[in-house]
Amino acid sequence: MRENKLLREFARYASWSVLGMLGLSCYILADTFFVARGLGSGGLAALNLAIPVYNLIAGTGLMLGMGGAIRYTICRSKSETAEADRMFTNTIYMGVIAAALFILAGVFCPDQITKALGADETVFAMTRVYLRTLCFFTPAFMVNSILQCFVRNDGAPHLAMAATVSGSLVNIVLDYLFIFPFNMGMFGAVLATGFSPVTGIFVMLPWWFGKRRGFHFTKTGMKLRLIRENLALGFPSLIGQLSSGITIITFNTIILRLQGNLGVAAYGVITNIALVVAAVYNGVAQGIQPLISDAYGRGRNKDAGRVLKYAMAAAVVTSVLTYGWLFVYAEPVAAVFNSENIPALQTMAVEGLKLYFLSNIFIGFNIILAMYFAATERVAPAQVLSLLRGVVLIVPAAFIMAFFWGMTGVWMAVPAVEAAISLLGAAVYRMYQNGG
């Protein structure tokens with residue numbers, strides 16, 4: 001009976017979370033599609049160069065939200081209500097500080113950031129506009145991410161999903177209007193993106209003013225202990241987001257040398273589809289987190305293990321179906337983003353789709369396992385595995401494999417690294433299960 005209830009709860013939380021993450025990734029795809037159609041390969045290259053900054057902003061918000069929400073759930077399961085409220089309040093404080101830092105970077109350092117990302121004179125202006133405008137919307141991104149994590153962990157995964165999907169729909173509509181009828185170019189694309197988290201915040205306001213809400217502001221200053229706990233538990237979520245950005249920066253650098261802006265545009269196709277695929281795994285991971293943290297806080301470790309098994313099974317099915325679809329339909333998928341019908345771009349994108357996404361099953365395993373470790377306050381393995389896959393291994397692997405095998409090596413770097421981390425993660429998990 002209990003297993004059936006747990007499976008139903010997993011299905012409810014994971015499905016709402018996956019739908020929300022898919023909605024989030026859809027507006028990224030909409031950006032790519034409309035920019036490709038409206039601004040051509042140059043706009044697509046500029047967007048791909050700017051995506052790492054979006055990853056950093058989104059990752060920071062997710063780190064703070066997930067770190068705070070994990071601790072909040074554990075405190076609530078132990079009936080430590082005052083401590084839970086202090087964690088929520090400190091999380092909001094940290095979000096405000098992080099947003100201020102991004103705004104300052106957008107005001108004073110847009111040229112330096114644009115150059116550091118590798119933009120040449122052809123795409124410099126478009127990349128700069130995207131980055132600077134994005135930074136001004138950082139407060140909305142921070143608050144939206146934090147509220148979504150706390151609302152989901154407060155028993156309303158459906159509302160967190162609705163906020164994400166509503167924001168995505170607004171972004172898609174505005175993308176079309178700003179780029180085409182209003183002819184606002186790259187500024188229009190990023191302006192539409194900025195309105196997405198604003199919409200999400202408004203959707204969640206009823207919960208904030210409702211009686212069912214479990215988290216509250218409380219009179220407390222910034223507590224170093226709470227800051228450390230938040231950052232430690234949320235750090236894997238940040239690295240999960242940053243790994244995409246670091247991979248993109250690394251690959252852009254390599255591909256610019258091998259194939260120029262056209263190669264970066266082809267990689268832009270891979271990048272944006274990868275964000276959608278990763279959204280499914282992140283959705284499952286974020287969906288199981290409240291259940292695992294609650295079970296852990298109540299001392300029900302077997303229940304936490306069952307939820308993990310459900311999540312892994314879902315990831316395997318998703319991986320097989322996704323790769324099969326991308327392999328069969330690689331040509332038409334690439335053609336959607338190749339508005340200028342450039343043969344070289346099409347060839348590179350098709351090859352990339354078939355090789356890069358061999359990493360699917362390993363990425364899902366790694367994302368979910370890192371979340372399991374974080375949700376059960378096993379900080380060290382969560383952080384080490386996230387750092388290895390997001391920073392430590394991918395950069396040298398990409399350069400070494402590109403040196404020997406060119407673009408094929410670039411596409412295969414991610415599958416190789418993710419497979420290695422999966423083996424290590426499985427070994428660490430088994431060690432903990434055996435009492436190590």
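1. In what follows, Ala, Val, Leu, Ile, Met, Phe, Trp, Tyr, Cys and Pro count as nonpolar, Asp, Glu, Lys and Arg count as charged, and the others, Gly among them, count as polar. The structure discussed here is a predicted model, and the points below concern its empty spaces.

2. On the second largest cavity: by those classes, its lining residues divide into eight nonpolar, seven polar and one charged. A search of the whole structure turns up four cavities of 30 Å³ or more, and the second largest cavity has a volume of about 200 Å³. There are 16 residues in the lining of this second largest cavity, and P236, S237, G240, N282 and I367 are those that lie nearest its centre.

3. Which elements each supply at least two residues of the lining of the second largest cavity? They are α8 (224–297), α12 (360–375) and α13 (379–392), and the largest share of that lining, eight residues, comes from α8.

4. Turning to the pockets, the largest pocket has a volume of about 430 Å³. It is lined by 19 residues, and the closest of these to its centre are E9, P290, L291, D294 and R298. At least two lining residues of the largest pocket are supplied by each of α1 (2–77) and α8, with the largest share, nine residues, coming from α1.

5. How do the residues of the lining of the largest pocket divide into nonpolar, polar and charged? The lining of the largest pocket has six nonpolar, four polar and nine charged residues, whereas the lining of the second largest cavity includes one charged residue. A reader setting up calculations may wish to keep both compositions in view.

6. The second largest pocket holds about 160 Å³ of space, and its lining is made up of Y296, N301, K302, A304, G305, R306, K309, Y372, T376, R378, Y429 and Q433. Two or more of these residues are given by each of α9 (301–328) and α14 (394–433), and α9 gives the most, with six residues. By class, the lining of the second largest pocket divides into four nonpolar, four polar and four charged residues.

7. Taken together, α8 supplies at least two lining residues to the second largest cavity and at least two to the largest pocket, while α9 gives the most to the lining of the second largest pocket.

Definitions and conventions. Residues are numbered from 1 along each chain as its sequence is written. This is a predicted model: local features need pLDDT of at least 70, side-chain atom pairs count only at pLDDT 80 or more; totals for chains, interfaces and linings use all residues. Side-chain values use heavy atoms; hydrogens and water are left out. On a 1 Å grid over the protein atoms alone, a cavity is a set of points where a 1.4 Å probe fits but cannot get out, and a pocket is an open set with protein on both sides within 12 Å along at least five of seven lines; lining residues have an atom within 4 Å of a point. Grid points are joined across faces, edges and corners, and a volume is the space filled by probe spheres set on the points. Helices (H or I, at least four residues) and strands (E, at least two) are DSSP runs, numbered from the N terminus.
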